[in-house]
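Hi there,

Here is the structure I promised to pass on. Have a look at it first, and my notes follow just below.

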Amino acid sequence: MSEYVVDLSGIRKTYKGGVEALKGVNLQVPKGCIYGLLGPNGAGKSTMVKILTTLIRSSGGTGTMLGRPIGDRQVLRRVGLLPEHAQFPDYLTGRQVIEFSAGLQDVPQRETRERTDRLLGLVQMSADQGRKIKTYSKGMKQRIGIAQALVNNPEIVFLDEPTDGVDPAGRKDFREIVKKLRKEGCTVFINTHILSELEPIVDRVAIMSGGEIRGEGVLEDLRSKKSGYLIGFEGSLSSATRQQFESAGFSCEAGSVSIPSTKAEAAQPVLDQLREENLIVTQMHVETQSLEDLFIGMVDGAADSNRATPPKN
Ligand code: ADP
């Protein structure tokens, strides 16, 4: 049995009409982590979650979730879902939405009250539980949405674009809730195009665009691949040195050169060469990419390689 809660190999999805939403996705999600699936709109993130939650079938590939083959509906008893743009009846109270969900999930009646109380506490909605949904802010509705997704004590919960339209304070609260879930051992799988919401909390990310995973891993590892020393100087490089640097894979800008290494030793020959040219070194520091830079680099790189050759005139 797979050691991963989600373990997918070569998953494809072609919609009627020929849109290839997923083009052979491999994905492994370790147990108990906060996993971020990042990508621009149209990348295929929701399609991925719909396949995992059995709402649609894949066109090819194999995989398991919680040890069961994907598409197995039995597994849904152990899974929670907050779909994108989830709507709840305006005339119900927050508490009623959670209790209704508990009913749908066959939570025994004697447990429903206690579980609802606990979930309302988790999402900090105890005080507002008796108000109708129509009086709630977007952030409050999302918190009730998360609570109803957890009513069956799931082992993994999918949150599809959970903070779309939620204000910054609401997003901060959301991050705290997700951290509490991880502490309780629940795996949290978040789909989002809002990078800043994930950066402080995710354990692993996959960056998706055009139906493919462009990069995957622990954030720090992904970043370190794209980090390196930036050396600033006064003056201009001779064309011979510039050529030498560029052929060594360094990138040269006016007044700075970046090397793809975070090892100080690797920067020493560059410093020697700059001094040889009588240039004054003004700074040297490691530049770390933000998740946003990383994301844009991967998505743009993919777009470049996918771009068709322009027709000749
Ligand atoms: P994301 O969640 O990353 O925004 P989606 O999974 O919603 O991406 O969509 C991926 C691609 O599949 C897009 O090109 C989208 O237009 C297309 N798509 C999504 N659902 C359908 C559908 N039911 N029928 C046809 N095409 C679809």
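The ligand is surrounded by Y15, V19, A21, P40, N41, G42, A43, G44, K45, S46 and T47, where a residue is listed if one of its heavy atoms lies within 4 Å of the molecule. Three polar contacts may interest you, a polar contact being a pair of N or O atoms within 3.5 Å:

- K45 places a polar side-chain atom 2.8 Å from an oxygen atom of the ligand.
- A43 has a backbone N or O atom 3.0 Å from an oxygen atom of the ligand.
- Y15 has a polar side-chain atom 3.5 Å from a nitrogen atom of the ligand.

Before the helices, a word on the basis: this is a predicted model, in which local features need pLDDT of at least 70 and side-chain atom pairs count only at pLDDT 80 or more, while totals for chains, interfaces and linings use all residues. Residues are numbered from 1 along each chain as its sequence is written, and side-chain values use heavy atoms, with hydrogens and water left out.

Now the helix packing. Helices are DSSP runs (H or I, at least four residues) numbered from the N terminus, and their axes are lines fitted to C-alpha atoms over the stretch in contact, with angles from 0 to 180 degrees between N-to-C directions.

Helix α2 (residues 94–104) packs with helix α4 (residues 138–149) at about 25 degrees, their axes 9 Å apart. That makes α2 roughly parallel to α4 (angles under 35 degrees count as such, over 145 as roughly antiparallel, 65 to 115 as roughly perpendicular and the rest as oblique). In this contact (heavy atoms within 4.5 Å), G94, V97, I98 and S101 of α2 meet I144, A147 and Q148 of α4. These residues divide into 4 nonpolar, 3 polar and no charged; Ala, Val, Leu, Ile, Met, Phe, Trp, Tyr, Cys and Pro count as nonpolar, Asp, Glu, Lys and Arg as charged, and the others, Gly among them, as polar.

With helix α3 (residues 109–122), the axis of α2 comes within 10 Å and crosses at roughly 130 degrees. That makes α2 oblique to α3. Here R95, I98, E99 and A102 of α2 meet T112, R113, T116, D117, L119 and L120 of α3, giving 4 nonpolar, 2 polar and 4 charged residues.

Finally, helix α8 (residues 239–247) and helix α9 (residues 264–276) pack at about 170 degrees with axes 11 Å apart, which means α8 is roughly antiparallel to α9. T241, Q244 and F245 of α8 touch V270, Q273 and L274 of α9.

Best wishes

Definitions and conventions: Helices (H or I, at least four residues) and strands (E, at least two) are DSSP runs, numbered from the N terminus. A polar contact is a pair of N or O atoms within 3.5 Å; within protein, one must be able to donate a hydrogen and the other to accept it, and residues adjacent in sequence count only if both atoms are side-chain atoms.
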